[in-house]
Amino acid sequence: MNSAEQKTTSYPVVNSYNEWDLLEEVIVGVIEGACVPPWHITVKATIPEKQWGFFQEYSGKPFPSEHIGAAARDLEEFVHILEAEGVMVRRPEKIRCDKPYAAPDWQCACGLYSAMPRDLLLVIGDEIIETPMPWRSRYFEVNAYRPLLTEYFKKGARWTAAPKPQLTDELYNPDYQDKGYSKDMPYAITEFEPTFDAADFVRCGKDLFVQKSHVTNRLGIEWLRRHLGERFTIHEVEVVDSHPMHIDTSFMPLAPGKLLVHPERIKTIPEMFKSWDVLYAPEPNKTIKRTLYMSSAWVSMNVFMLDHERVMVEKNEEDFIKALKNFGLKPIPCNFINFNAFGGAFHCATLDIRRRGELQSYF
């Protein structure tokens, strides 16, 4: 499709098949109201060990207000840049997450936040899918996005919710211990029922790529495979990581023919990418002083494409910015160090609602 056709083609209100077509509308999360999730085996399996004490001590309480305020300022800068680049930005409701709630079989002292729409919502074409996340602290997280989902539905989008999980004790592996990576390593969740976070999937037109993780099990992958049907193929990627949670800091198709990968976690590039150029992400900037409650410094890889060339990236990651330029891309720097504290970056904080493109195969 040439540029003239792109300018005249009308797309549905929700339309996104990959990570790179021209972005027209996006949801950006909010951090206000964020709380420290209750200590649980799924939390222990995924957060940095040096933060275990903090999570155990402050379980169920709000995150420090100074960190929330700094992260909110990062988000506002990000939104300003997106709007200056011609993107329509939508935001979820700001809701308090410090209220306890319960199901028949369990109780939870609080929610988490409304900061990462990439985790709980998956856009495939004109369909928005609510995902069955396994963290009890995220059970009602989608509520902050319900006004937007209702709006998109009224305007013609398809709105699907995966089977709501029970999250009973049978879902969790009480004997889980980190024994290092292996192909048959244990996970914090079992195969009791389908669960997955949307951020364990990346989209590449008719092909999606997923990792099995401490939040995404095989039943969850199979549910999505059957739901999407024959138009799409889901490929599992082997990620060498004993703490897997979200593939977008390990493996990310940036544009047709351009693949970003973690230099240690991805040992074997899938065969279908053999003709693509591969960028092995440089190490994160070690001089940056930052608090990382819920991720490693490799959250630096969590970039977000505005089109085939423009890419949002942390402004202090000079080596990465240089590497992206040499890779033929146009980095747009933005302060995001403070937001990184909460376990994500640009890709995590966004949900691309409408991109100017159509379903196709890239292989």
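The paragraphs below lead through two sheets and one helix of this structure, which is a predicted model.

We can begin with the sheet that contains β1, an open sheet of 3 strands whose order is β2-β1-β17 and whose pairing is mixed. The strands at its edges are β2, residues 88-90, and β17, residues 350-356, and each of them has a single partner strand, so one side of each is left without a neighbour in the sheet. If direction is ignored, neighbouring strands of this sheet are turned against each other by 20° on average. Within the sheet, β1, which spans residues 22-28, pairs with β2 in the parallel sense over 3 bridges, and one place to find this pairing in the model is at E25, whose bridge partner in β2 is M88. Helix α4, made of residues 65-84, packs on the sheet and touches β1, β2 and β17, while its direction makes about 155° with that of β1.

A further sheet can be read in the same way. It is an open sheet formed by 3 strands in the order β8-β9-β10, and its pairing is mixed. Here the edge strands are β8, residues 201-204, and β10, residues 233-236, each of which pairs on one side only, and the twist from one strand to the next averages 25°. Strand β9, residues 207-210, is joined to β10 by 4 bridges in the parallel sense, and V210 has E236 as its bridge partner in β10. On this sheet packs helix α7, residues 218-228, which touches β8, β9 and β10 and whose direction makes about 160° with that of β10.

The last stop is helix α8, which runs over residues 318-326 and in which F320, I321, A323 and L324 are buried. Why can these residues be said to lie on the same side of α8? The reason is that they cover an arc of only 160° around the axis, which puts them on the same side of the helix. The face turned away from this buried side carries D319, K322, K325 and N326, which are exposed. Following the buried residues of α8 outward from the helix, the reader will find that they pack against five strands by name: β11 (251-255), β12 (258-261), β13 (277-280), β15 (310-314) and β16 (330-334). Just after α8 comes G328, a residue that takes a positive phi of about 90°.

How values were computed. Residues are numbered from 1 along each chain as its sequence is written. This is a predicted model: local features need pLDDT of at least 70, side-chain atom pairs count only at pLDDT 80 or more; totals for chains, interfaces and linings use all residues. Side-chain values use heavy atoms; hydrogens and water are left out. Two strands pair if DSSP finds at least two bridges between them. Helices (H or I, at least four residues) and strands (E, at least two) are DSSP runs, numbered from the N terminus. Axes are lines fitted to C-alpha atoms, for helices over the stretch in contact, and angles run from 0 to 180 degrees between N-to-C directions. Contact means heavy atoms within 4.5 Å. Buried means under 20% relative accessible area, exposed over 50%, partly exposed in between (1.4 Å probe, protein chains only). The arc is that of the directions from the helix axis to the C-beta atoms.
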